Amino acid sequence: MLIVGAVFGAVLAFFFVAGPLTIAMAIALGLSPVLPIIGALTQWQFPVGTVGATISHILFSLIAYVMAAIATPVPTAGPVTVTPAGGGFPMPWEFFERFARGWLIGMNAVVTLTLPFALPWVFSGLPAVSLLLVAASPLLAIAATFIAVVIVIPAFAPGVAANSVYAGILGWTAWISPPTWPATGLGLLVCIVNSITALFGAPVRWVPEFWTGSLMTHGGILYPFWRAPAGYNLGNFYFLDPRIGATTPEFIPPAGGMAGGFIGLTADGATLHETGHTLNAAAFGSWFNYVGWAHQNFFPPGLNGGPRAYAEVLAEAHLRDSTQPWFPFWAPPVGLTALTPNAPPTFGTTTVDGLPPGAFLNYSAGASLTLSGASADADSYPAATLIPGSPATGVRWVFTTQPAGAGAAIAGATTAATTATVPRGGDYTLAFVATDGAQLPTAGALVFTPKVVEAVVSVPIVAVVDQPFTADGSMSTAGADLAGAALPLTFAWSVAPPSAVIADPTLPIISVTPSETAPHVVTLTVTAAGAAGTSHTASSAVPVS
Amino acid sequence: MACTLQIGGINGEAVTGGSLPTQLRVYVRRQGNCDQVEITVRVTQNGPAMFTAVAAPDNNGTATAGFIVEPPIFACGSPLWVEARCAAGDECSATAQVSIDCKAPSDGGPGGPNNGNWPWPFPPQLFCPLIGRGFTLALFTGIVTFLTGVAMALPPVIGAGVAIVVAAFGILAVWRHWCAIPYCYFWGAILWVLKRCLLAGAVLTLFFVSVATLLCTLAIGFAAGVVTNRLRKAHCHLPSMTTPLTQLPLW
């Protein structure tokens, strides 16, 4: 079906994309009599021929894309790995996807073959220029034919497309494949703009990706124009969010805040995905990528938008993350064999003060927690493989929830063994996540829920001797137990000097009667019941007149 | 690139009749950013320092420190403990127990490990980086010459480029024959050459507006990608295009 699609796409492109250009050129050269039938059907003259060819190319790319996307119903819930062994989602109209993919490749091959001859004419306005150029530089014709026939067309063969050497050839020759220029040209422009901003101090770095012949721009002023944290591709250029770690795995809170989950992303993992788009553009042409961009950004998951867009699924094949859907198409990344997916990272023994996730953790306000995390990655892919010497996994400790204004701090958030402090009373959620550098931390997060006891004493600004004042400890907290019920507290009040009279020192709110004019220090110790006697003491002074 | 040091060996020279060298020459291989190497020699790991010297690596990345042993007390083959630490540059160090090698420069004989002398004027610690650097430079020069010839459409220059590349592979044959080249070092040198040639090719393409040079440059880029993959699969360090030749590991 791929071959049928490729032939169909090639014929379509010949008549509706290459045809108008070729015929218009023939007419302009006075050669139309030799092509009377086609010439009569397509009486387009330059620039109508160029516009018509472009519109046709965009239109047919759109139709083929829609057909392929409809035939690739990626489930919207949960991580999905598409594997050729049948572990993926069902594709009842798989032949449509194959036909459409072949169509795109065949069409792109013919356009690749045509444009090098047409473009000089388009730019010069002289049809003879193209023929003269071809005559003067047969290398151009040879290169165009080579790219179209030897490089682009074989992409329809799964065994070829999944070959890393082929991916390299396809990516590098994309530079001289005109159908990629609408994307690569814009990419060059964006790269230049980002580079100019670097002159004014914007943090920008450029890293060539030699495998597919792409150039990464890391940072720059134009990064906020996509859904952060992420990156985007424009032909042989791709652009990454500067917050994504360049060489070490990092985690970036999603737009909804840390409570929404974690995104583990490295420049390495993002590179593999984005260069998958480079290969898409090389095989299918730029318009495929633009249509895919619209599909990803303007269609909901119910219509396979977002990361489940067809263009994204194909690009993801170049990374083969274990949590994102991918289609067995592009070359297996370095470090993986055959069509196997990336093995997700795993957790080792991870504790907080020696206790595992889910254990009841109780502390006094201001306590220091000892964090000990461990993670591993069976295939050391992609981080450690792509950057020899870098760790196989990156980790992060993070407080996903904490009492308002608590200001909980972690000494070394990206260090497996570190410490944290919990300054205020209440419930905390502490998560430990690990990534191997791929798009998402597939191991999920290990969650700890420290409960912190804090005594809070509220007293009047000033008191009068022999007149009772109220000391309020009801704002003291110990958070909730694991079932969510508030932990009961016991109260113990004391006052200095001891001559003061306390009505009932075990109540949350007490009455204190000072008997002398010296300042009185009211001290409260609260203890969380059932928490191994964890307590916290706070004091407050009251001037007495 | 952080620096790394590697103890290359100890050569015993001016050997007395009793096979006791009166001079020791210690070689330390430097990679990365380190302009001065402090070399210390001890009899044993925890023994007192007998000799200490600071040496600057040569153009091939080898730091050499010579010590006088008077009276000569270490026999050829005796093990000594050597420590090397970067004294100017990034932080790196190395330690190793190495035996004193008492080979002398070539006596004109066939050479080889059983000859008793080196087959060349230098010990391998100096010879191997030198010829490795020669290969790398020759390959780079040859490819750039070839690209220039293609860009200018000058067959003699193209021919010269090809000849230099062939000569580079001749140097490679010598290098491979006499030196045990680590896989990562050899392919790292190739990648370094390809990266720089890619840049040179891009500049020539733009300057001469040459389709042929463009195609050659793309081919070089593709080759760089293949070599990069090889190095990654072997978990080798990837040399950067900006890494100076003097900091490339070449033995």
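Two strands count as paired if DSSP finds at least two bridges between them. In this predicted model, an open sheet of 3 strands in chain A follows the order β9-β18-β15 with mixed pairing. The briefing below takes up that sheet and then the aromatic rings.

**The sheet in chain A**
- The edge strands are β9 (361-364) and β15 (426-427) of chain A, each of which pairs on one side only.
- Strand β9(A) runs in the parallel sense with β18 of chain A, residues 450-453, and the two are joined over 4 bridges.
- Within this pairing, Asn362(A) has Lys451(A) in β18(A) as its bridge partner.

**Aromatic pairs**
- Over all chains, the structure holds 24 aromatic pairs.
- One of them is the edge-to-face pair of Trp293(A) and Phe298(A), with 5.3 Å centre to centre and 90° between the planes.
- Trp293(A) counts as partly exposed at 48% relative accessibility, whereas Phe298(A), at 57%, counts as exposed.
- In chain B, the ring centres of Phe135(B) and Trp175(B) lie 5.7 Å apart and the planes meet at 40°, so this pair is tilted.
- This tilted pair links distant parts of the chain, since Phe135(B) belongs to helix α1 (residues 124-152) and Trp175(B) to helix α2 (residues 155-178) of chain B, 40 residues apart.
- Phe135(B) is buried, with a relative accessible area of 1%, and Trp175(B) also counts as buried, at 0% relative accessibility.

**Ring cluster and charges over rings**
- Tyr65(A), Phe284(A), Phe288(A), Tyr310(A), Phe329(A) and Trp330(A) are linked into a cluster by ring pairs.
- Over the ring of Phe329(A) sits the charged end of Arg101(A), 4.7 Å from the ring centre.
- In chain B, the charged end of Arg176(B) sits over the ring of Phe186(B), 5.1 Å from its centre.

How values were computed: Residues are numbered from 1 along each chain as its sequence is written. Chains are lettered from A and ligands numbered from 1 in the order in which they are written. This is a predicted model: local features need pLDDT of at least 70, side-chain atom pairs count only at pLDDT 80 or more; totals for chains, interfaces and linings use all residues. Side-chain values use heavy atoms; hydrogens and water are left out. Rings of Phe, Tyr and Trp (its six-membered ring) pair if their centres lie within 6.5 Å; planes under 30 degrees apart count as stacked, over 60 as edge-to-face and the rest as tilted. Buried means under 20% relative accessible area, exposed over 50%, partly exposed in between (1.4 Å probe, protein chains only). A charge sits over a ring if NZ of Lys or CZ of Arg is within 6 Å of the ring centre and within 35 degrees of the ring normal.
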